[in-house]
Amino acid sequence: MKKDKKDLILDSTEKLMSIMPDSEITINMIAKNAGIGKGSIYYYFTSKDEILDAVIARCYKKALHEYFSDINVHSTALEKFCCLFQSIIKKEFHNNQQNLIIMLHLQDDLKLHNKMKLVALEEVTPVLTDLLYQGIEEGTITTDTPEESAEMIVAVITFLFDTSVFPPDNKKYFNKLKILAKVLETCLHTEEGSFDFLFSASGSYEH
């Protein structure tokens, strides 16, 4: 199936972002790498920054689709939380397979870094909000502010396991997960041990 020009532009930009800093990428380079005219790019995007934003959003949505794909095989909210969190932690922060999101974590580019975090908040928060509402209905979770609670959880996860801020250290990861489990348990008024799954499989995070 032939790709449309918008996808060619995004594919071209993603490839360039994987081999050089975004500051060095130009519209001309994107067009040449995509095999299209420069004018075609401005039909779809107004600037290079807009293209970069679209690439980041697309990459995160693709990764999140993988993270979310298995949660619906579970029935309860806490089971879905377990599946989602373990998937994110394992694939995003402990997988040796390099992908654009990991590379963006490691790039010394605060602007792109912050954009990536915003995309994470925008994409993951609604899913967690739904899980919190489900938990409230099931009587396993108690919170008067599910939307805000979901946003805070995503913000903490995104920052706490940012390997460009905190270099990977298995023991420290284990300790962070253990504390996070207790914080979530307290804030969401769940039964003791409800979030122990965050650290109980710590062996799977070893290199």
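This tour moves through the structure in a series of selections and describes what is found at each one.

**The whole chain**

Begin with the entire protein chain, bearing in mind that the model is predicted. Its secondary structure comes to ten helices and zero strands. Followed along the sequence, the pattern is therefore written with helices throughout, as α-α-α-α-α-α-α-α-α-α. Of the 207 residues in the protein chain, 45% are buried. If one takes the contacts between residues at least 6 apart in sequence, 61% of them join residues at least 24 apart.

**Helix 1 and helix 2**

Next, select residues 5–17, which form helix 1, together with residues 27–34, which form helix 2. How do these two helices cross? Their axes come within 8 Å, and the crossing angle is roughly 115 degrees. Helix 1 and helix 2 are therefore roughly perpendicular to each other. The crossing of helix 1 and helix 2 is right-handed.

To display the contact, show the side chains of Leu8, Ile9, Ser12, Thr13, Lys15 and Leu16 in helix 1, and of Met29, Ile30, Asn33 and Ala34 in helix 2. Sorted by class, the contact of helix 1 with helix 2 has six nonpolar residues, three polar and one charged.

Now select threonine 13 by itself; this residue is found in helix 1. Is threonine 13 buried or exposed? Threonine 13 has a relative accessible area of 0% and is buried. When neighbours within four places in sequence are left aside, threonine 13 is in contact with Ile30, Ile51, Leu52 and Val55.

**Helix 4 and helix 7**

Turn now to helix 4, residues 48–68, and helix 7, residues 110–138. The axes of helix 4 and helix 7 come within 10 Å and cross at roughly 40 degrees. These two helices, helix 4 and helix 7, are therefore oblique to each other. Helix 4 passes helix 7 in a right-handed crossing.

Which residues make the contact? On the side of helix 4, select Asp49, Leu52, Asp53, Ile56, Ala57, Tyr60, Lys61, Leu64 and Phe68. On the side of helix 7, select Lys111, Leu112, Lys115, Met116, Val119, Ala120, Glu123, Val124 and Val127. By class, the contact of helix 4 with helix 7 has twelve nonpolar, no polar and six charged residues. Leu52 belongs to this contact and is also one of the residues in contact with threonine 13.

**The phenylalanine cluster**

The following stop concerns aromatic rings. A pair of aromatic rings is described by the distance of the centres and the angle of the planes. The structure holds five aromatic pairs. Among them is the pair of phenylalanine 81 and phenylalanine 195, which is edge-to-face, with 5.8 Å from centre to centre and 80 degrees between the planes. Phenylalanine 81 lies in helix 5 (residues 77–93), while phenylalanine 195 lies in the loop between helix 9 (170–187) and helix 10 (197–200), so the pair ties together parts that are 114 residues apart in sequence. Phenylalanine 81 counts as buried at 0% relative accessibility. Phenylalanine 195 is likewise buried, with a relative accessible area of 0%.

Add phenylalanine 85 and phenylalanine 197 to the selection. Their ring centres are 6.3 Å apart and their planes stand at 85 degrees, so the pair is edge-to-face. This pair links distant parts of the chain, with phenylalanine 85 in helix 5 and phenylalanine 197 in helix 10, 112 residues apart. Both phenylalanine 85 and phenylalanine 197 are buried. With the four residues shown together, Phe81, Phe85, Phe195 and Phe197 can be viewed as a cluster linked by ring pairs.

**Glutamate 79 and serine 194**

Remain in helix 5 and select glutamate 79, which is found there. At 36% relative accessibility, glutamate 79 counts as partly exposed. How many residues separate glutamate 79 and serine 194 in sequence? They are 115 residues apart in sequence, and 9.5 Å apart in space from C-alpha to C-alpha.

**Histidine 189**

The final selection is histidine 189, in the loop between helix 9 and helix 10. Most residues other than glycine have a negative phi. Histidine 189, although it is not a glycine, has a positive phi of about 55 degrees. Histidine 189 counts as exposed, at 53% relative accessibility. Phenylalanine 195, met earlier in the tour, lies in the loop between helix 9 and helix 10 as well, but phenylalanine 195 is buried.

Definitions and conventions: Residues are numbered from 1 along each chain as its sequence is written. This is a predicted model: local features need pLDDT of at least 70, side-chain atom pairs count only at pLDDT 80 or more; totals for chains, interfaces and linings use all residues. Side-chain values use heavy atoms; hydrogens and water are left out. Rings of Phe, Tyr and Trp (its six-membered ring) pair if their centres lie within 6.5 Å; planes under 30 degrees apart count as stacked, over 60 as edge-to-face and the rest as tilted. Helices (H or I, at least four residues) and strands (E, at least two) are DSSP runs, numbered from the N terminus. Buried means under 20% relative accessible area, exposed over 50%, partly exposed in between (1.4 Å probe, protein chains only). Axes are lines fitted to C-alpha atoms, for helices over the stretch in contact, and angles run from 0 to 180 degrees between N-to-C directions. Angles under 35 degrees count as roughly parallel, over 145 as roughly antiparallel, 65 to 115 as roughly perpendicular and the rest as oblique. A crossing is left-handed if the near helix is turned anticlockwise from the far one by less than a right angle, and right-handed if clockwise. Contact means heavy atoms within 4.5 Å. Ala, Val, Leu, Ile, Met, Phe, Trp, Tyr, Cys and Pro count as nonpolar, Asp, Glu, Lys and Arg as charged, and the others, Gly among them, as polar.
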